[in-house]
Amino acid sequence: MSLASETQLETLAPHRPGGKFARSIGGAVLRILLPVLLALVVGGIILLALGKSPFAYYSYVLERGLFNWIGFQATLTRMVPLLLMAAGLIVAFRAGIWNLGGDGQFLLAAVVTAALAPALIQVMPRSLMIVCCIVASVAVGAIWALLPALLKARYGVNEIITSLMMSFLGISFANVLVKLVFRDPTTTVPQTPDLPVEDRLPRLFDTTVHAGILIALAVIVLVHLMMTRTAFGLKLQIVGANPRAAVHAGLNVAWLTVATFALSAGLIGMAGSVEILGVWGTVRADWNPAYGMIVVPLVFLARFNGIGVIGFTLFFAVLMIGGESAARRIGVPQHYVLVLVALLLLFLALVEYLDQRWRKRVKD
Amino acid sequence: MDVLLTQSFLTSLIFGAVTAGMPLLLAGLGEQISEKAGVLNIGIEGMMLFGAYCGFVAAYYSDSFWLGYLCGGLGGMVVAGLVALLCIRLGLNQIVIGISLTIGFEGLTALLHYVQFSKTYPRLSPAPILAIPGLADVPVLGRALFAHNPLVYLAVILTFFLGWLFRKSYVGLNLESAGSKPAALDAAGVSVLATRSAAVLTTGFLAGVGGAYMANVGAGLFVPFMTNGAGFIGIVLAMLARGRPVWVLFGAALFGISLAMTTALQVAGINIPTDVVQMLPFAMVMLVLVIFARHSVLPPALGLPYVRGER
């Protein structure tokens with residue numbers, strides 16, 4: 001595989017952050033809102049075809065996910081893993097590396113935390129236990145991405161495939177760990193020993209939202225600052241924009257590739273850890289929320305912007321939480337949300353294309 | 001361990017390997033055609049899934065397996081048509097579109113399945129089998145290799161036909177140049193966009209037929225998310241086959257065996273969780289990639305939209 005093809009294959013991201021980003025706020029809002037609207041409309045047509053009222057569905061989703069206090073707290077809680085995974089993907093995507101193995105990294109890290117936490121809490125205070133668990137999970141996530149990283153850095157093997165394969169492998173491996181290694185012998189359904197509620201991440205004030213939301217917000221802002229304001233971030237962006245130029249600029253592309261992969265997978269591992277420490281306290285066999293693929297479109301919608309992704313994560317968490325209620329009440333399965341995300345991404349790409357053509361025409 | 005070596009066990013293992021390897025073979029061959037022409041078809045998982053759904057519905061309502069394959073192939077082509085329109089015509093990012101098509105058709109087929117079949121879970125009757133006279137009577141291997149649904153033999157013939165097509169025909173030459181040097185193809189007066197579109201539509205058809213085989217013959221029913229990464233394994237096969245269809249066949253056989261092990265070991269009463277065995281095919285992919293990493297070859301213009309006159 002030649003370097004040139006790699007270069008261009010990976011610089012096809014919808015929009016690279018650049019000098020003209022603030023060209024027109026109106027245009028930017030339009031380019032974000034239009035795909036959302038189109039996706040909702042086409043999604044609504046699909047709902048109609050299924051014999052459901054789109055208005056009833058959407059208003060129920062909004063009411064349950066956003067305007068209802070209990071629902072809104074659930075939405076904020078759901079944002080935590082999504083934000084941390086988005087942070088991991090932003091690091092990778094900005095460096096032009098397609099880490100699509102999020103699900104495996106997330107689950108393995110979650111299992112490690114679930115196994116460590118109940119044991120560690122016996123011998124150390126909660127705060128120290130939480131730090132230990134998060135560090136271990138970050139390491140596990142990073143290790144799981146090592147093979148794709150090395151194959152990419154050394155031989156240029158397409159990391160989309162390798163990270164996906166490692167993801168499938170990791171999902172099964174996590175199940176093996178839960179069923180054979182870390183299994184709590186006292187339960188009938190295989191699961192890891194439960195972490196008592198009082199030993200989990202503390203709740204904020206009187207809400208059901210756990211402190212993970214603060215970690216997630218801090219991480220996403222830090223990642224954004226790192227990518228946009230530090231030398232390391234600049235290096236990664238150069239590798240992403242043009243690996244060949246990066247080599248000429250004297251950057252160690254192989255090392256940066258491995259570092260990016262480790263950082264990206266580590267952050268995704270942190271998502272798994274925090275989700276267990278904050279919400280579940282245990283991993284059941286065959287548990288897989290499959291956030292990995294779903295976060296990809298959000299990161300694209302936000303155009304790899306860490307601050308922008310917060311808004312999209314909120315939007316999507318509302319959809320998920322509201323959608324879960326709607327699945328029970330209105331009888332539209334959760335899978336509908338997948339269709340909506342796909343439509344969103346499709347229309348995003350289309351609107352981007354039309355916008356570019358329009359700009360070209362104006363220039364000519 | 002005696003049971004592992006009995007004739008019937010070996011026969012059922014190899015039979016299962018062929019059944020499990022077939023969708024991978026078709027997906028791999030399809031992906032190979034796309035990749036040769038310079039299109040990285042990440043959406044192949046979506047094509048297989050929609051093919052599986054369409055194929056199952058057609059076979060269920062018509063009782064005809066051949067109509068099932070046809071509709072499965074057409075279903076795959078619908079998804080491929082979107083790739084052709086968005087990625088080749090409009091030049092949008094092939095990875096973004098590929099992922100969104102896979103996610104979208106995962107959701108859509110799951111929705112349709114929920115509406116139509118979630119209460120009844122209908123099954124098809126066992127697929128018709130064509131035993132090749134003579135060969136099928138060979139002990140152990142006969143029933144395992146030569147008593148399959150006719151589509152299996154067609155797929156093997158297709159493998160060799162594609163081998164000929166790629167090397168000896170203008171079509172193969174056009175595909176090759178659409179992926180390696182699109183500008184040269186354009187200069188020779190052949191439309192790059194048309195060549196690539198045809199390649200992607202063919203991929204969609206093959207992947208769709210593979211999905212239909214998986215649902216109708218392999219499982220006998222449609223289950224949401226049933227392809228479970230088969231499309232992605234197809235991409236790996238195409239990557240490692242370096243443009244040679246025969247290698248896709250070997251690869252598909254290898255993965256077919258590791259998939260068939262999942263069921264075979266359970267039948268044999270060996271007590272390991274299915275998750276361990278489910279890791280086999282993916283561990284195999286990684287192993288193969290680590291060993292042959294430096295040999296995987298992709299065309300230079302892979303993933304790039306072609307715009308005339310642009311460098």
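This report covers the contacts between chains A and B and the build of chain B in a predicted model.

## Interface between A and B

Chain A and chain B touch through 45 residues of chain A and 45 residues of chain B. On the chain A side, five helices are listed as giving two or more residues: α1 (3-10), α7 (146-155), α8 (159-181), α13 (291-301) and α15 (335-363). The largest share belongs to α8(A), with 14 residues.

The class split for this side of chain A is 36 nonpolar, 8 polar and 1 charged.

## Elements of chain B

Chain B holds 12 helices and 2 strands. Read from the N terminus, the order is α-α-α-α-β-α-β-α-α-α-α-α-α-α. A helix sits between the two strands in this order. Four helices precede the strand pair, and seven follow.

## Size and packing of chain B

How does the radius of gyration of chain B sit against the value for a compact globule, and why is that value near 19 Å? The value follows from the chain length, because a compact globule of 311 residues would come out near 19 Å. Chain B has 20 Å, which agrees. Along the principal axes, its C-alpha atoms fill a box of roughly 65 × 45 × 40 Å.

Burial in chain B reaches 56% of the 311 residues. The cut-off here is 20 or more other C-beta atoms within 10 Å. Contacts in chain B also span the sequence: of those with a separation of 6 or more, 77% join residues 24 or more positions apart.

Methods: Residues are numbered from 1 along each chain as its sequence is written. Chains are lettered from A and ligands numbered from 1 in the order in which they are written. This is a predicted model: local features need pLDDT of at least 70, side-chain atom pairs count only at pLDDT 80 or more; totals for chains, interfaces and linings use all residues. Two residues are in contact if their C-beta atoms, placed from the backbone, lie within 7 Å. Ala, Val, Leu, Ile, Met, Phe, Trp, Tyr, Cys and Pro count as nonpolar, Asp, Glu, Lys and Arg as charged, and the others, Gly among them, as polar. The radius of gyration is taken over C-alpha atoms; the globule rule is 2.2 Å times the number of residues to the power 0.38. A residue is buried if 20 or more other C-beta atoms lie within 10 Å of its own, exposed if 12 or fewer, and partly exposed in between; C-beta atoms are placed from the backbone.
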